[in-house]
Amino acid sequence: MTASSMPLDPVRAGLDRALHSLAALGPDLAGHANRIGAILWSPPRIVIVGRLKAGKSTLVNALIGAKIADTAALEATNVVSVYQEGAPARAEAVLLDGTRAPVRTDRGQIHGLDVAPHDIAYLHRWLPSAAIRDYTLVDTPGLATLTAENEARTRRVLIDGYDQTRTASVDADAAVFLFDGAPRADEIDFLRQLGFTPLTTLGVLSRADGFGEGALGARDPLAHAAEHATRLSSQLADTVMTVVPIAGLLAETSHTGALTEADARALHALHGIDPFDLIDLLDSDDDALVPPHMRGRLVDLLGEYGTIHGRTIAAQGAATLNDWLVTHSGVPRLQNLLASHLGVFAAVKRANRILGELDRLAYSRPEREHIRDIVDRLRSDPALHTVVLFGHLEAMLGADPASPVTHELRRLVEHRTPALKLGLSPTAGPDHVRAAAQGKLAWAHSQALVTLTAAEDAALVALIHTYGHLSR
């Protein structure tokens with residue numbers, strides 16, 4: 001049940017010990033332990049969601065580091081795709097009945113499907129990419145797509161589910177939510193149905209290089225998008241952890257190695273032309289300076305923003321231009337959030353899911369007392385305290401997201417130091433921390449006298465335990 005290649009952090013170690021104890025109760029439970037162990041030791045799954053043409057596949061390509069999510073295979077874009085690190089590159093279609101069929105690929109790209117999309121639950125793809133070693137990406141056809149069937153495919157795999165598909169590969173632990181301008185009500189509703197918390201949902205303001213008036217506007221679109229993303233982060237605080245502006249074309253081109261020295265030379269040859277005249281030239285068949293097919297390639301790679309603003313940088317060669325594209329794409333910040341924040345809470349959600357799996361076994365098995373003992377020991381393990389609090393946070397977000405109890409849980413889960421957990425300055429001293437914890441403890445005891453729901457009652461027990469520990 002332990003994967004030797006994965007770091008044995010305290011949470012995984014505690015859960016792994018519990019699964020070994022479960023396996024020791026009998027052969028049938030050993031099968032359940034192995035099934036749950038596969039969940040424990042597989043990388044967290046991050047689903048990319050958004051409307052049709054929101055830039056999901058472009059972002060997936062940038063994160064993987066290869067142009068794999070190819071829009072040329074139109075029938076493949078209408079199916080949920082799971083991208084997992086593995087060699088050699090290959091793909092399988094997981095059918096609605098749980099069986100698998102090989103899919104023909106050429107250099108990692110799918111050029112056609114031998115099975116009708118409506119018979120496919122999802123495509124499972126393995127790629128030798130270190131970029132997805134720490135998490136699995138799930139690309140979706142999108143919401144409010146051109147056909148109701150496409151949206152239904154996304155919903156049936158991620159929400160309605162088939163036991164075979166959800167257990168095997170598609171149960172997501174976190175979401176990257178793409179939108180332009182601002183998310184619509186049906187998109188927010190979809191995220192809530194997925195069961196994510198703000199700690200496991202990252203917002204992406206897509207197509208940032210065309211934001212506002214675009215590349216020819218009075219304001220730089222990237223700066224405008226960054227300002228708007230900051231406002232959205234505050235407005236959507238109950239839905240996403242933050243909002244990151246991403247320039248999709250710049251991201252895909254810079255992270256997939258598509259840019260060449262010939263591209264840089266052609267781009268620099270356009271230096272000195274007035275931006276408005278340049279746009280007219282890009283749309284013309286004129287052979288001036290750069291052949292039309294090369295100008296078309298530059299627009300496909302860089303968009304209007306990159307073509308206009310990258311001309312001076314291009315004089316220093318493709319490597320320097322590519323570095324400029326990386327910086328302006330927004331992807332470095334996104335990758336940092338995936339590693340330092342979203343990935344962390346995806347793992348916490350995964351651990352809480354495993355606690356739920358064990359709870360369900362305790363209700364359904366004759367060995368229930370032994371299993372409950374295993375679960376009780378897990379829940380009292382200090383290493384899993386944040387996981388337990390996260391479970392209460394999920395329950396409270398469903399029962400009463402506006403409750404002060406919900407806000408307290410979120411702060412305790414989100415922050416790592418005692419001072420920040422209590423809403424204090426990071427520099428607060430031990431005496432200040434203890435005094436604040438004692439005040440919170442008194443508040444939690446008073447709230448326990450007037451609880452309205454079972455979720456709130458259970459959460460307050462956990463809060464009292466937490467504040468009691470912090471006050472010592």
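User: What makes a residue nonpolar, charged or polar in a description of the pocket lining?

Analyst: Ala, Val, Leu, Ile, Met, Phe, Trp, Tyr, Cys and Pro count as nonpolar, Asp, Glu, Lys and Arg as charged, and the others, Gly among them, as polar. Set against that division, the lining of the largest pocket holds 28 nonpolar, 11 polar and 10 charged residues. This is a predicted model, in which local features need pLDDT of at least 70 and side-chain atom pairs pLDDT 80 or more, while totals for chains, interfaces and linings use all residues. Residues are numbered from 1 along each chain as its sequence is written, and side-chain values use heavy atoms, with hydrogens and water left out.

User: Why is this space called a pocket, and which residues are closest to its centre?

Analyst: On a 1 Å grid over the protein atoms alone, a cavity is a set of points where a 1.4 Å probe fits but cannot get out, whereas a pocket is an open set with protein on both sides within 12 Å along at least five of seven lines, and lining residues have an atom within 4 Å of a point. The largest pocket has a volume of about 1,300 Å³, a volume being the space filled by probe spheres set on grid points that are joined across faces, edges and corners. Of its 49 lining residues, V11, V348, A383, T386 and V387 are the closest to the centre, and the largest share of the lining, 10 residues, comes from α14.

User: How do you know that β1 and β8 pair?

Analyst: Strands (E, at least two residues) and helices (H or I, at least four) are DSSP runs numbered from the N terminus, and two strands pair if DSSP finds at least two bridges between them. Four bridges join β1 to β8 in parallel, so the condition of at least two is met. Within this pairing, V47 stands opposite V138 in β8. Strand β2 (residues 81-85) is joined to β8 by three bridges and runs antiparallel to β8, with S81 having D139 as its bridge partner.

User: What makes β4 and β11 edge strands?

Analyst: The open sheet of nine strands has the order β4-β3-β7-β2-β8-β1-β9-β10-β11, with mixed pairing. β4 (100-102) and β11 (243-245) each have a single partner strand, so one side of each is left without a neighbour in the sheet.

User: Are the residues of β8 buried or exposed?

Analyst: Buried means under 20% relative accessible area, exposed over 50%, and partly exposed in between, with a 1.4 Å probe and protein chains only. T136 and V138 point one way from β8 (residues 136-139), L137 and D139 the other way, and all are buried.
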